[in-house]
Amino acid sequence: MNKRELFKNGPKITEIGLGTWQLGTKWGEPFNAEEAQNVLEEARLNGITLIDTADCYNGGNSERAIGSFLKKHPDGEKITVVTKCGRCLNPHTAEGYNRENITRFIEDSLSRLQLEQLDMVLLHCPPSEVFSKDETFETMENLKKSGKIASYGVSVEKVQDGIKAMEYGISAIEVVFNMFRLKPTEELFPLAKKKGVGIIARVPLASGLLTGRYNENTTFGEKDHRTTNRNGERFDKGETFSGVDFNTGLKAVAELKNLFKTEDLIPYALKWILMHEEVSAVIPGASKASQVSSNVRGAELPPLTDEQMKGVKEIYDKYIRESVHQNW
Ligand SMILES: NC(=O)c1ccc[n+]([C@@H]2O[C@H](COP(=O)([O-])OP(=O)(O)OC[C@H]3O[C@@H](n4cnc5c(N)ncnc54)[C@H](OP(=O)(O)O)[C@@H]3O)[C@@H](O)[C@H]2O)c1
């Protein structure tokens, strides 16, 4: 698979990585350690060298599974792990992003991942005040100097938070970016490119909506965020279906299928993201191993045509822009 730099002069990673929020589970279901290893193994067999995780995913089980997996393959190609910290704070406040807590979070991630150094740590969508909090970024910088982390960055809900974070020495920004979320291309991407900051595109399939496999009768598990967070009841609404109303999303998906003349939108949705050179990697999540091999097909497609790129924007403008564009 084609490789890109995670950030300017940073490690080279496959342009399609693996998201592990749902590693070994359907969202909201108990963790299945064996299935988690199957997903990670499928990623390795498909040549994936970037894994995105967080300290809070499945109560730490996502990081633990990745740690055991890395131990099983000490001699394979280097797999870069991006992890995140901060969302296990309860309450999740800006005050919590202090030196003491962050240092503890990093030690805990090192232990779960069984590593001496973390490749990259992102602040996990902190409250906006954190993006002006010197203590937080000085702590990250000191952890980098001490060798505990090789690089750091931020995961953000809003593009303005990413822009603000670039005033500090961050290496990468993780942001929702997909055919239903075009705003990052306006200011965030050009500035990131200018500063050599990498972009990790998350929620690339709009929580599965952009696979093209859902219809008006599709239901999700009782505790799945696609059931419980449709209006932002549990966390930022923009993380669920990318903030798009489900039925409106289905209408847009039907037009995307016409545009690409396919029922299987997955490779097109991922390739569309990769058409943006500022993107370092896209990290589709997979609840089972077969989804991983299905998703890497996105890297195998030829470049999309100007007409296809224009068509996606028109569909976005028609169905999505009004309810989404100003919010994130
Ligand atoms: N705040 C943050 O920093 C943040 C927030 C969200 C996500 N993330 C990261 O970004 C990653 C990706 O985002 P995401 O997982 O929320 O959304 P996503 O990648 O847009 O969608 C993932 C879901 O799409 C479905 N899917 C994926 N591949 C498929 C395939 N080949 N065939 C059929 N269905 C498929 C699966 O649904 P089923 O579960 O129904 O099988 C899967 O759980 C996460 O895993 C996580 O690492 C970070």
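## A strand pair to start from

Strand E5 (residues 80-85) runs beside strand E6 (residues 120-124), and the two pair in the parallel sense over four bridges. To pick out one contact between them, take Thr83: its bridge partner in E6 is Val121. Please keep in mind throughout that this is a predicted model.

## The whole sheet

Which strands surround this pair? E5 and E6 belong to an open sheet of eight strands, ordered E3-E4-E5-E6-E7-E8-E9-E10, with parallel pairing. The edges are held by strand E3 (18-19) and strand E10 (279-282); each has a single partner strand, so one side of each is left without a neighbour in the sheet.

## Around the ligand

Now to the part you may want to look at on screen. The ligand sits in the largest pocket, and 33 residues lie around the ligand. Those that come nearest are Gln22, Asp52, Ser155, Leu205 and Ser287. By residue type, the shell divides into twelve nonpolar, 13 polar and eight charged residues. Which element gives the most to this shell? That is helix H10 (residues 289-295), with three residues.

Several polar contacts can be followed from oxygen atoms of the ligand. On the backbone side, a ligand oxygen is 2.9 Å from a polar backbone atom of Gly285, and a ligand oxygen is 3.2 Å from a polar backbone atom of Trp21. A side chain takes part as well: an N or O atom in the side chain of Lys26 is 3.1 Å from an oxygen atom of the ligand. How much of the ligand does the protein cover? On its own the ligand has 890 Å² of accessible area, and the protein covers 95% of that.

## Two backbone details

Most peptide bonds are trans, and most residues other than glycine have a negative phi. Two places in this model are worth a look with that in mind.

One is the peptide bond that joins Asn90 and Pro91, which is cis, with omega about 5 degrees. Pro91 is found in the loop between E5 and helix H3 (99-113), which brings us back to the strand that opened this report.

The other is Asn9, which is not a glycine yet has a positive phi of about 65 degrees. Asn9 is placed in the loop between strand E1 (3-5) and strand E2 (12-14).

Terms used:
Residues numbered from 1 in each chain as written. Predicted model: local features only at pLDDT ≥ 70, side-chain atom pairs only at ≥ 80, totals over all residues. Heavy atoms only, no water. Near = heavy atom within 4 Å. Polar contact = N/O pair within 3.5 Å; in protein donor to acceptor, adjacent residues only side chain to side chain. Areas by Shrake-Rupley, 256 points an atom, 1.4 Å probe, with all protein chains shown as cover. 1 Å grid on protein atoms, 1.4 Å probe; cavity = no way out; pocket = protein on both sides within 12 Å on 5 of 7 lines; lining within 4 Å. Sits in = over half its atoms within 2 Å of the grid points. Nonpolar A, V, L, I, M, F, W, Y, C, P; charged D, E, K, R; others polar. Pairing = 2+ DSSP bridges.
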